[in-house]
Amino acid sequence: MAHLVTYLVTSLETCELPQPKVEIYTKWGCPYCVAAKALFDNKGVSYEEYDITMGGPKRAEMMERAPTARTVPQIFIDDVAYGGFDDVSALDRAGKLDPLLNV
Ligand SMILES: N[C@@H](CCC(=O)N[C@@H](CS)C(=O)NCC(=O)O)C(=O)O
């Protein structure tokens, strides 16, 4: 019995919630994109980056997912559009980003 309890407690302690899917549409030479990536890097959260400097299908995809977007970066967490760096940074300052990222 004691072994079972130890096993369960250890399992709970090492149990980590899965990291949500983070996607960032960026352009080359965009300081806000650099800042956005640094924000996630500093939290140890990995992300998929789509460089749309040259336009192409990924730019079209971004416009479809965030029709009102006029700038990069555009940041998605688990397929929800959170806007640009300023938006996500404000979310972070309000203490609302970490719970979204399970960190
Ligand atoms: N408030 C936005 C500002 C983003 C922004 O101004 N991005 C610039 C590039 S760094 C942009 O997209 N400019 C228009 C363009 O490149 O088409 C944010 O925080 O993400």
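This report walks through a predicted model of a protein with a bound ligand, from its overall build to a few individual residues.

## Overall build

The protein contains five helices and four strands. Read from the N terminus on, these elements follow the order α-β-α-β-α-β-β-α-α.

What are the dimensions of the C-alpha trace along its principal axes? They come to about 60 × 30 × 20 Å. The radius of gyration is 17 Å, whereas a compact globule of 103 residues would have one near 13 Å. Buried residues account for 18% of the 103 residues in the protein. If we take the contacts between residues at least 6 apart in sequence, 61% of them bring together residues at least 24 apart.

## The strands and how they pair

Let's begin with β1, which covers residues 22–26, and β2, which covers residues 48–51. These two strands pair in the parallel sense, and four bridges link them. The chain travels from β1 through α2 to β2, making a β-α-β crossover that is right-handed. For a landmark in this pairing, look at Ile24, whose bridge partner in β2 is Glu49.

The other pair is β3 with β4, and here the strands run antiparallel, joined by three bridges. Ile75 has Gly83 in β4 as its bridge partner. Together β3 and β4 form a hairpin, with two residues between them. As a general point for looking at these strands, side chains in a regular strand alternate between the two faces of the sheet.

## Around the ligand

Which residues surround the ligand? They are Lys27, Cys30, Pro31, Tyr32, Thr71, Val72, Pro73, Gly84, Phe85 and Asp86. By character, this shell divides into six nonpolar, two polar and two charged residues. Two helices, α2 (31–42) and α4 (85–93), each supply at least two residues of the shell.

Two members of the shell, Val72 and Pro73, also share a special link: the peptide bond joining them is cis, with omega about 0°. Pro73 sits in the loop between α3 (57–65) and β3 (74–77).

## Backbone features to look out for

Most residues other than glycine have a negative phi, and most peptide bonds are trans. With that in mind, two residues deserve a look for their positive phi values.

Asp78 has a phi near 50°. Its place is in the loop between β3 and β4 (80–83), in the turn of the hairpin. Is Asp78 buried or exposed? Asp78 counts as exposed because 12 C-beta neighbours lie inside 10 Å, and a residue with 12 or fewer falls in that class.

Asn102 has a phi near 60°, again a positive value in a residue other than glycine. Asn102 belongs to the segment after α5 (97–101). With 11 C-beta neighbours inside 10 Å, Asn102 is also classed as exposed.

## Two residues on helix α3

Helix α3 carries Lys58, and Arg65 lies in this helix too. Lys58 is partly exposed, because 13 other C-beta atoms lie within 10 Å. Leaving aside residues up to four places away in sequence, Lys58 touches Tyr25, Tyr50 and Ile52. Of these, Tyr25 is 33 residues from Lys58 along the chain, yet their C-alpha atoms are separated by 8.2 Å.

Arg65 is partly exposed as well, with 15 other C-beta atoms within 10 Å. Which residues does Arg65 touch, not counting those up to four places away in sequence? The answer is Phe76 and Ala81. The C-alpha atoms of Arg65 and Asp79 are separated by 8.6 Å, and these two residues are 14 apart along the chain.

## A residue in the loop before β1

Finally, find Glu16 in the loop between α1 (2–14) and β1. Glu16 is exposed because 8 other C-beta atoms lie within 10 Å, and exposed residues are those with 12 or fewer. Glu16 and His3 are 13 residues apart in sequence, and their C-alpha atoms are 22 Å apart in space.

Conventions: Residues numbered from 1 in each chain as written. Predicted model: local features only at pLDDT ≥ 70, side-chain atom pairs only at ≥ 80, totals over all residues. Near = placed C-beta within 6 Å. Nonpolar A, V, L, I, M, F, W, Y, C, P; charged D, E, K, R; others polar. Pairing = 2+ DSSP bridges. Right-handed = clockwise from strand over helix to strand, strands pointing away. Rg over C-alpha atoms; globule rule 2.2 N^0.38 Å. Buried ≥ 20, exposed ≤ 12 C-beta atoms within 10 Å, placed from the backbone. Contact = placed C-beta atoms within 7 Å.
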